[in-house]
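Here's a quick briefing for anyone opening this entry for the first time. Have a look at the picture, then come back for the guided tour.

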Amino acid sequence: MKLRLKDILEYVGIFVAVIGIVWLLDTFVIVNARIPSESMENTIMTGDRIIGSRIAYKTGIPHRYDIVIFKYPDDESILYIKRIIGLPGETVTIRDGKVYINDSEEPLDDSFTPEVPTGYYGPFNVPGNGYFVMGDNRNNSFDSRFWYTTCVREDQILGKAIFCYYPFSRFGEIQ
């Protein structure tokens, strides 16, 4: 079979188009991430591959309990994934293994955590453009409680985690 210049240019054009579409999707629509640590277990496991939606917060705002992919506030070259706990303007305190918002008598629901967190932390004042985030595996999570820059700015949030695609045994929506 003899390839003509026209055929070669057609294949090159298809290749360039595919690369362009993938780049556009990865830049404006999705965030592809690999989970490097146990900080979100048992919700998301070490080694899971997940897709996040970059457009989730283009039309809305992040909510408490959303799992977000973001640039680590103390080194924006590193991506992290955690759950939003404190919203802009709130005060977060952790005591007796429970999270309290604005000195509420009632702790937040943390039924998704595999264990009771230890220690007393806070109070943390969340700035008007920030979010206080924590891993679900509270005793094994390097999160807002320990960072120099305590909160994630809204512009550092890249997307909302939406589903796990690998390993195939864990394929499905992230909650």
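Let's start with one lysine: Lys98 counts as partly exposed, at 29% relative accessibility. Keep in mind that you're looking at a predicted model. Lys98 has a salt-bridge partner, Asp110, and the closest N and O atoms of the two are 3.5 Å apart. Asp110 sits in the loop between β6 (98-101) and β7 (121-125) while Lys98 is in strand β6, so this pair ties together parts twelve residues apart in sequence. Unlike its partly exposed partner, Asp110 is buried, with a relative accessible area of 13%.

**More salt bridges**

- There are eight salt bridges in the structure.
- Another of them pairs Asp66 with Lys160, with 3.8 Å between the closest N and O atoms.
- Asp66 belongs to the loop between β2 (49-53) and β3 (67-71) and Lys160 to strand β10 (residues 157-166), so the bridge ties together parts that are 94 residues apart in sequence.
- Buried or partly exposed: which is Asp66? Asp66 counts as buried because its relative accessibility is 9%, under the 20% cut-off.
- Lys160, on the other hand, is partly exposed, at a relative accessible area of 30%.
- Asp143 and Arg145 form a salt bridge too, and their closest N and O atoms are 2.8 Å apart.
- Here both partners, Asp143 and Arg145, are buried.
- Then there's a network: Glu76, Arg153 and Asp155 are joined through salt bridges that share partners.

**Aromatic rings**

- The count of aromatic pairs comes to twelve.
- One of them is Phe70 with Tyr80: the ring centres are 6.1 Å apart and the planes meet at 55 degrees, so the pair is tilted.
- This pair links distant parts of the chain, with Phe70 in strand β3 and Tyr80 in strand β4 (residues 79-86), ten residues apart.
- Phe70 and Tyr80 are both buried.
- Phe124 and Phe132 make another tilted pair, since their planes are at 40 degrees; their ring centres are 4.9 Å apart.
- Phe124 is buried at a relative accessible area of 13%, and Phe132 is buried at 0%.
- Ring pairs also build a cluster out of Phe70, Tyr72, Tyr80, Phe142 and Trp147.

**Overall fold and shape**

- The protein chain has one helix and eleven strands.
- Reading from the N terminus, you meet the helix and then the strands: α-β-β-β-β-β-β-β-β-β-β-β.
- What radius of gyration does the protein chain have? It's 20 Å, whereas a compact globule of 175 residues would be near 16 Å.
- Along the principal axes, the C-alpha atoms fill a box of roughly 75 × 35 × 25 Å.
- Of the contacts with a separation of 6 or more, 59% are between residues 24 or more positions apart.

**Surface and burial**

- Buried residues make up 39% of the 175 residues in the protein chain.
- The accessible surface of the chain is about 10100 Å², and carbon and sulfur atoms account for 58% of that.

**How confident is the prediction?**

- The protein chain has an average pLDDT of 89, and 98% of the residues score at least 70.
- Where is confidence lowest, and where is it highest? The low spot is helix α1 (residues 5-29), with a mean of 81, and the high spot is strand β8 (residues 130-134), at 97.

Conventions
Residues are numbered from 1 along each chain as its sequence is written. This is a predicted model: local features need pLDDT of at least 70, side-chain atom pairs count only at pLDDT 80 or more; totals for chains, interfaces and linings use all residues. Side-chain values use heavy atoms; hydrogens and water are left out. A salt bridge is a side-chain nitrogen of Lys or Arg within 4 Å of a carboxyl oxygen of Asp or Glu. Helices (H or I, at least four residues) and strands (E, at least two) are DSSP runs, numbered from the N terminus. Buried means under 20% relative accessible area, exposed over 50%, partly exposed in between (1.4 Å probe, protein chains only). pLDDT is the predictor's confidence in each residue, from 0 to 100. The radius of gyration is taken over C-alpha atoms; the globule rule is 2.2 Å times the number of residues to the power 0.38. Contact means heavy atoms within 4.5 Å. Accessible areas come from the Shrake-Rupley method with a 1.4 Å probe; for residues, only the protein chains shown count as cover. Rings of Phe, Tyr and Trp (its six-membered ring) pair if their centres lie within 6.5 Å; planes under 30 degrees apart count as stacked, over 60 as edge-to-face and the rest as tilted.
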